[in-house]
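Here is a short tour of a model with a bound ligand, written for someone who likes to look at geometry. Have the viewer open and follow along.

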Amino acid sequence: MQRQKRVLAIHDISCFGRCSLTVALPVISAAGIETTVLPTAVLSTHTGGFTGFTYRDLTQDIMPVVNHWNGLGLEFDAIYTGFLGSFEQVDIVSEIFDMLKKNNVLIAVDPVMADYGKLYSIFPPNFPEGMRKLCRKANLIVPNLTEAAFLLDEPYHDAPHTREEIEHILRTLAALGPEYVVVTGVSYDGIQLGSASYDANTDEFSYTGETRIEPMYHGTGDVFASALVAALLKGCTLARATAIAVRFTVASISRTKEAGTDNRFGVNFEDGLAGLNGLISGY
Ligand code: PXL
(Lines give C-alpha, C1' and ligand atoms only; values in the text may rest on other atoms or scores of the structure.)
Protein backbone atom coordinates (compact mmCIF):
# COMPACT_ATOMS: atom_id res chain seq x y z
CA MET A 1 0.00 0.00 0.00
CA GLN A 2 1.15 3.53 -0.79
CA ARG A 3 2.40 5.56 2.21
CA GLN A 4 -0.41 7.71 3.59
CA LYS A 5 0.04 11.33 2.52
CA ARG A 6 -0.23 14.23 4.98
CA VAL A 7 -1.66 17.65 4.11
CA LEU A 8 -1.52 20.83 6.16
CA ALA A 9 -4.67 22.90 5.55
CA ILE A 10 -4.34 26.55 6.58
CA HIS A 11 -7.73 28.30 6.53
CA ASP A 12 -10.23 29.96 8.86
CA ILE A 13 -12.99 28.02 10.57
CA SER A 14 -16.33 29.50 9.56
CA CYS A 15 -18.43 27.61 12.11
CA PHE A 16 -21.56 27.68 9.99
CA GLY A 17 -21.77 27.81 6.20
CA ARG A 18 -19.63 24.92 4.91
CA CYS A 19 -16.44 26.53 3.58
CA SER A 20 -12.71 26.71 4.35
CA LEU A 21 -11.68 24.22 7.07
CA THR A 22 -15.12 22.69 7.57
CA VAL A 23 -14.86 21.61 3.92
CA ALA A 24 -11.12 20.97 3.51
CA LEU A 25 -10.84 18.63 6.50
CA PRO A 26 -13.70 16.24 5.61
CA VAL A 27 -13.04 16.23 1.85
CA ILE A 28 -9.29 15.59 2.05
CA SER A 29 -9.70 13.07 4.89
CA ALA A 30 -12.36 11.18 2.92
CA ALA A 31 -9.75 10.61 0.21
CA GLY A 32 -7.64 8.75 2.79
CA ILE A 33 -5.20 11.61 3.32
CA GLU A 34 -4.12 12.64 6.82
CA THR A 35 -5.17 16.25 7.30
CA THR A 36 -3.49 18.56 9.80
CA VAL A 37 -5.33 21.84 10.35
CA LEU A 38 -4.06 25.29 11.17
CA PRO A 39 -7.04 27.60 11.87
CA THR A 40 -6.28 31.26 11.16
CA ALA A 41 -9.50 32.67 12.63
CA VAL A 42 -12.84 31.48 13.97
CA LEU A 43 -15.98 33.13 12.58
CA SER A 44 -19.59 32.39 13.44
CA THR A 45 -20.33 32.23 9.69
CA HIS A 46 -18.40 33.02 6.50
CA THR A 47 -18.58 36.61 5.31
CA GLY A 48 -20.56 35.99 2.11
CA GLY A 49 -24.13 37.19 2.48
CA PHE A 50 -24.27 37.19 6.30
CA THR A 51 -24.08 40.28 8.48
CA GLY A 52 -23.17 40.48 12.16
CA PHE A 53 -20.75 37.54 12.12
CA THR A 54 -18.19 37.19 14.93
CA TYR A 55 -14.48 37.09 14.05
CA ARG A 56 -11.82 35.77 16.44
CA ASP A 57 -8.44 36.43 14.90
CA LEU A 58 -5.82 33.74 15.62
CA THR A 59 -2.83 35.40 13.91
CA GLN A 60 -0.74 35.40 17.11
CA ASP A 61 -1.23 31.63 17.55
CA ILE A 62 -0.04 30.57 14.10
CA MET A 63 3.77 30.66 14.47
CA PRO A 64 3.85 29.07 17.96
CA VAL A 65 1.85 26.14 16.54
CA VAL A 66 4.23 25.75 13.58
CA ASN A 67 7.29 26.07 15.84
CA HIS A 68 5.93 23.28 18.03
CA TRP A 69 5.49 21.05 14.97
CA ASN A 70 9.03 21.86 13.82
CA GLY A 71 10.31 20.68 17.19
CA LEU A 72 8.45 17.42 16.61
CA GLY A 73 10.03 17.07 13.17
CA LEU A 74 6.65 16.93 11.39
CA GLU A 75 6.71 16.95 7.61
CA PHE A 76 3.93 17.48 5.08
CA ASP A 77 3.33 16.31 1.52
CA ALA A 78 1.24 19.38 0.76
CA ILE A 79 0.33 22.73 2.26
CA TYR A 80 -3.03 24.05 1.14
CA THR A 81 -4.13 27.61 1.95
CA GLY A 82 -7.33 29.50 1.21
CA PHE A 83 -9.01 32.52 2.80
CA LEU A 84 -6.47 34.67 4.69
CA GLY A 85 -7.84 37.65 6.59
CA SER A 86 -4.95 40.17 6.49
CA PHE A 87 -1.57 41.08 4.97
CA GLU A 88 0.01 39.90 8.21
CA GLN A 89 -1.51 36.44 7.74
CA VAL A 90 -0.32 36.37 4.13
CA ASP A 91 3.24 37.17 5.31
CA ILE A 92 3.10 34.52 8.03
CA VAL A 93 1.87 31.88 5.60
CA SER A 94 4.66 32.85 3.20
CA GLU A 95 7.15 32.26 6.04
CA ILE A 96 5.54 28.89 6.78
CA PHE A 97 6.03 27.90 3.12
CA ASP A 98 9.74 28.70 3.47
CA MET A 99 10.01 26.74 6.71
CA LEU A 100 8.12 23.63 5.62
CA LYS A 101 8.87 23.45 1.92
CA LYS A 102 11.06 20.53 1.02
CA ASN A 103 11.46 18.71 -2.28
CA ASN A 104 8.17 17.28 -3.53
CA VAL A 105 5.98 19.31 -1.18
CA LEU A 106 2.94 20.58 -3.08
CA ILE A 107 2.23 24.20 -2.16
CA ALA A 108 -1.39 24.89 -3.13
CA VAL A 109 -2.74 28.44 -2.87
CA ASP A 110 -6.37 29.32 -3.42
CA PRO A 111 -6.15 33.14 -3.52
CA VAL A 112 -9.62 33.71 -2.01
CA MET A 113 -10.36 37.43 -2.31
CA ALA A 114 -12.88 38.20 -5.06
CA ASP A 115 -15.76 37.05 -7.23
CA TYR A 116 -18.05 38.38 -9.97
CA GLY A 117 -15.55 41.07 -10.96
CA LYS A 118 -15.27 42.51 -7.44
CA LEU A 119 -12.84 42.29 -4.53
CA TYR A 120 -14.60 41.11 -1.34
CA SER A 121 -15.51 44.26 0.62
CA ILE A 122 -13.49 43.16 3.67
CA PHE A 123 -10.20 43.44 1.72
CA PRO A 124 -8.25 46.67 0.95
CA PRO A 125 -7.70 47.45 -2.75
CA ASN A 126 -4.00 46.46 -2.58
CA PHE A 127 -4.73 42.99 -1.12
CA PRO A 128 -4.16 41.29 -4.52
CA GLU A 129 -0.48 42.36 -4.32
CA GLY A 130 -0.08 40.28 -1.17
CA MET A 131 -1.84 37.29 -2.72
CA ARG A 132 0.29 37.64 -5.87
CA LYS A 133 3.45 37.30 -3.76
CA LEU A 134 2.07 34.17 -2.12
CA CYS A 135 1.09 32.70 -5.51
CA ARG A 136 4.70 33.14 -6.71
CA LYS A 137 5.74 30.59 -4.07
CA ALA A 138 3.06 28.05 -4.98
CA ASN A 139 3.22 24.95 -7.20
CA LEU A 140 -0.54 25.08 -7.70
CA ILE A 141 -2.92 28.04 -7.69
CA VAL A 142 -6.71 27.83 -8.01
CA PRO A 143 -8.16 31.31 -8.64
CA ASN A 144 -11.60 32.00 -10.04
CA LEU A 145 -11.55 34.28 -13.09
CA THR A 146 -12.07 37.43 -11.01
CA GLU A 147 -9.13 36.53 -8.77
CA ALA A 148 -7.07 35.71 -11.87
CA ALA A 149 -7.79 39.21 -13.25
CA PHE A 150 -6.73 40.82 -9.94
CA LEU A 151 -3.56 38.69 -9.79
CA LEU A 152 -2.63 39.71 -13.34
CA ASP A 153 -3.88 43.30 -13.00
CA GLU A 154 -5.92 42.80 -16.15
CA PRO A 155 -9.63 43.54 -16.79
CA TYR A 156 -12.20 40.90 -15.84
CA HIS A 157 -14.50 39.55 -18.59
CA ASP A 158 -17.76 37.75 -17.96
CA ALA A 159 -18.72 34.63 -19.95
CA PRO A 160 -18.67 33.57 -22.72
CA HIS A 161 -14.88 33.28 -22.74
CA THR A 162 -12.67 32.46 -25.69
CA ARG A 163 -10.08 29.68 -25.59
CA GLU A 164 -7.37 32.22 -26.48
CA GLU A 165 -8.37 34.42 -23.54
CA ILE A 166 -8.31 31.49 -21.08
CA GLU A 167 -5.02 30.12 -22.41
CA HIS A 168 -3.48 33.59 -22.08
CA ILE A 169 -4.68 33.81 -18.45
CA LEU A 170 -3.37 30.32 -17.60
CA ARG A 171 0.03 30.86 -19.21
CA THR A 172 0.51 34.31 -17.67
CA LEU A 173 -0.42 33.02 -14.22
CA ALA A 174 2.05 30.14 -14.64
CA ALA A 175 4.72 32.73 -15.50
CA LEU A 176 4.33 34.08 -11.95
CA GLY A 177 5.82 30.80 -10.71
CA PRO A 178 3.31 27.96 -10.23
CA GLU A 179 3.71 24.92 -12.47
CA TYR A 180 0.01 24.04 -12.12
CA VAL A 181 -2.75 26.60 -12.70
CA VAL A 182 -6.48 25.88 -12.50
CA VAL A 183 -9.03 28.63 -13.08
CA THR A 184 -12.67 28.19 -12.13
CA GLY A 185 -15.79 29.84 -13.53
CA VAL A 186 -14.90 29.29 -17.20
CA SER A 187 -17.69 29.10 -19.77
CA TYR A 188 -16.99 28.97 -23.52
CA ASP A 189 -20.65 28.94 -24.54
CA GLY A 190 -22.53 30.48 -21.58
CA ILE A 191 -24.28 27.11 -20.98
CA GLN A 192 -21.53 24.85 -19.68
CA LEU A 193 -19.56 26.15 -16.69
CA GLY A 194 -16.34 24.60 -15.48
CA SER A 195 -12.62 24.80 -14.92
CA ALA A 196 -9.58 25.07 -17.16
CA SER A 197 -6.14 23.80 -16.19
CA TYR A 198 -2.60 24.31 -17.42
CA ASP A 199 0.37 22.11 -16.59
CA ALA A 200 3.50 24.11 -17.39
CA ASN A 201 5.66 20.96 -17.21
CA THR A 202 3.87 19.37 -20.15
CA ASP A 203 2.44 22.57 -21.73
CA GLU A 204 -0.95 20.82 -21.58
CA PHE A 205 -4.32 22.57 -21.26
CA SER A 206 -7.55 20.89 -20.21
CA TYR A 207 -11.16 21.94 -19.73
CA THR A 208 -14.08 20.28 -17.94
CA GLY A 209 -17.51 21.87 -17.89
CA GLU A 210 -20.99 20.80 -16.91
CA THR A 211 -24.37 22.48 -17.35
CA ARG A 212 -24.46 25.67 -15.26
CA ILE A 213 -26.75 25.54 -12.20
CA GLU A 214 -28.19 28.80 -10.80
CA PRO A 215 -27.98 30.45 -8.31
CA MET A 216 -24.35 30.51 -7.19
CA TYR A 217 -23.73 28.67 -3.93
CA HIS A 218 -21.19 29.75 -1.32
CA GLY A 219 -18.26 27.48 -0.50
CA THR A 220 -18.08 25.79 -3.89
CA GLY A 221 -14.55 27.13 -4.48
CA ASP A 222 -13.38 25.37 -1.33
CA VAL A 223 -15.16 22.12 -2.23
CA PHE A 224 -13.51 22.26 -5.66
CA ALA A 225 -9.98 23.11 -4.44
CA SER A 226 -10.10 20.50 -1.65
CA ALA A 227 -11.13 17.74 -4.08
CA LEU A 228 -8.46 18.92 -6.53
CA VAL A 229 -5.69 18.79 -3.90
CA ALA A 230 -6.90 15.36 -2.74
CA ALA A 231 -6.94 13.93 -6.29
CA LEU A 232 -3.48 15.33 -7.09
CA LEU A 233 -2.02 13.81 -3.92
CA LYS A 234 -3.57 10.48 -4.86
CA GLY A 235 -1.49 10.59 -8.04
CA CYS A 236 -3.91 11.97 -10.66
CA THR A 237 -2.62 14.19 -13.45
CA LEU A 238 -3.70 17.83 -13.26
CA ALA A 239 -6.24 17.38 -16.07
CA ARG A 240 -7.81 14.34 -14.39
CA ALA A 241 -7.78 15.93 -10.94
CA THR A 242 -9.56 18.97 -12.41
CA ALA A 243 -12.23 16.78 -14.03
CA ILE A 244 -12.75 14.89 -10.74
CA ALA A 245 -13.02 18.14 -8.76
CA VAL A 246 -15.59 19.53 -11.23
CA ARG A 247 -17.69 16.33 -11.00
CA PHE A 248 -17.53 16.26 -7.18
CA THR A 249 -18.47 19.97 -6.93
CA VAL A 250 -21.28 19.88 -9.50
CA ALA A 251 -22.80 16.79 -7.83
CA SER A 252 -22.71 18.68 -4.50
CA ILE A 253 -24.40 21.71 -6.10
CA SER A 254 -27.10 19.51 -7.73
CA ARG A 255 -28.04 17.89 -4.41
CA THR A 256 -28.24 21.34 -2.79
CA LYS A 257 -30.38 22.77 -5.57
CA GLU A 258 -32.73 19.78 -5.35
CA ALA A 259 -33.10 20.29 -1.59
CA GLY A 260 -33.85 24.01 -2.04
CA THR A 261 -31.22 25.01 0.53
CA ASP A 262 -30.36 28.69 1.15
CA ASN A 263 -27.36 29.39 -1.11
CA ARG A 264 -25.41 30.98 1.76
CA PHE A 265 -25.42 27.67 3.67
CA GLY A 266 -22.86 25.96 1.43
CA VAL A 267 -23.38 22.82 -0.63
CA ASN A 268 -24.15 19.21 0.26
CA PHE A 269 -20.74 17.69 -0.37
CA GLU A 270 -21.27 15.33 2.57
CA ASP A 271 -23.39 12.89 0.56
CA GLY A 272 -20.55 12.64 -1.96
CA LEU A 273 -17.78 11.83 0.51
CA ALA A 274 -18.28 8.05 0.48
CA GLY A 275 -17.92 8.07 -3.31
CA LEU A 276 -14.90 10.36 -3.52
CA ASN A 277 -12.26 7.64 -3.51
CA GLY A 278 -14.16 5.75 -6.20
CA LEU A 279 -14.28 8.92 -8.27
CA ILE A 280 -10.53 9.42 -7.81
CA SER A 281 -9.51 5.86 -8.64
CA GLY A 282 -12.09 5.04 -11.27
CA TYR A 283 -12.74 8.23 -13.15
O1 PXL B 1 -15.17 30.22 0.82
C2 PXL B 1 -14.18 31.13 1.01
C3 PXL B 1 -14.27 31.84 2.33
C4 PXL B 1 -13.62 31.31 3.41
N5 PXL B 1 -13.67 31.89 4.63
C6 PXL B 1 -14.39 33.01 4.81
C7 PXL B 1 -15.08 33.58 3.77
C8 PXL B 1 -15.01 32.99 2.48
C9 PXL B 1 -15.72 33.59 1.36
O10 PXL B 1 -16.43 34.53 1.44
O11 PXL B 1 -15.80 34.68 3.98
C12 PXL B 1 -14.43 33.64 6.18
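## Two cis peptide bonds

P215 sits in the loop that runs between β11 (204-211) and α7 (220-233). The peptide bond leading into this proline, from E214 to P215, is cis, and its omega is near -5 degrees. Please keep in mind that this is a predicted model, so treat the torsions here as computed values.

Another cis peptide bond links A159 to P160, with omega at about 0 degrees. You will find P160 in the loop between α5 (145-152) and α6 (163-175). As general background, most peptide bonds are trans, and most residues other than glycine have a negative phi.

## Positive phi between β1 and α1

That background on phi leads to the loop between β1 (6-16) and α1 (21-30), where R18 is found. R18 is not a glycine, yet its phi is positive, near 50 degrees.

S20 belongs to the loop between β1 and α1 as well. Its phi is near 40 degrees, again a positive value in a residue other than glycine. S20 is also worth remembering for the next stop, as it is one of the residues surrounding the ligand.

## Around the ligand

Which residues surround the ligand? They are D12, S14, C19, S20, L43, H46, T47, F83, V112 and D222. Sorted by class, this shell holds four nonpolar, four polar and two charged residues.

Several side chains in the shell make polar approaches to the ligand. For D12, a side-chain N or O atom is 2.8 Å from a nitrogen atom of the ligand. For T47, a side-chain N or O atom is 2.6 Å from an oxygen atom of the ligand. D222 also places a polar side-chain atom 2.6 Å from a ligand oxygen. How much of the ligand's accessible area does the protein cover? On its own the ligand has 310 Å² of accessible area, and the protein covers 94% of it.

## Helix α2 beside α3

Now turn to the helices. The axes of α2 (residues 59-72) and α3 come within 10 Å and cross at roughly 5 degrees. Angles under 35 degrees count as roughly parallel, which means that α2 is roughly parallel to α3.

On the α2 side, the contact is built from T59, Q60, I62, M63, V66, N67 and N70. On the α3 side, the partners are E88, Q89, I92, E95, I96, M99 and L100. By class, this contact has seven nonpolar, five polar and two charged residues.

## Helix α3 beside α4

Helix α3 (residues 87-100) also packs with α4 (residues 127-136), at an angle of about 5 degrees and with the axes 10 Å apart. Because of that angle, α3 is roughly parallel to α4.

Here α3 contributes F87, V90, V93, S94 and F97, which meet F127, G130 and L134 of α4. What is the make-up of this contact by class? The contact of α3 with α4 has six nonpolar, two polar and no charged residues.

Technical notes
Residues are numbered from 1 along each chain as its sequence is written. This is a predicted model: local features need pLDDT of at least 70, side-chain atom pairs count only at pLDDT 80 or more; totals for chains, interfaces and linings use all residues. Side-chain values use heavy atoms; hydrogens and water are left out. A residue is near a molecule or strand if one of its heavy atoms lies within 4 Å of it. A polar contact is a pair of N or O atoms within 3.5 Å; within protein, one must be able to donate a hydrogen and the other to accept it, and residues adjacent in sequence count only if both atoms are side-chain atoms. Accessible areas come from the Shrake-Rupley method with a 1.4 Å probe; for residues, only the protein chains shown count as cover. Ala, Val, Leu, Ile, Met, Phe, Trp, Tyr, Cys and Pro count as nonpolar, Asp, Glu, Lys and Arg as charged, and the others, Gly among them, as polar. Axes are lines fitted to C-alpha atoms, for helices over the stretch in contact, and angles run from 0 to 180 degrees between N-to-C directions. Helices (H or I, at least four residues) and strands (E, at least two) are DSSP runs, numbered from the N terminus. Angles under 35 degrees count as roughly parallel, over 145 as roughly antiparallel, 65 to 115 as roughly perpendicular and the rest as oblique. Contact means heavy atoms within 4.5 Å.
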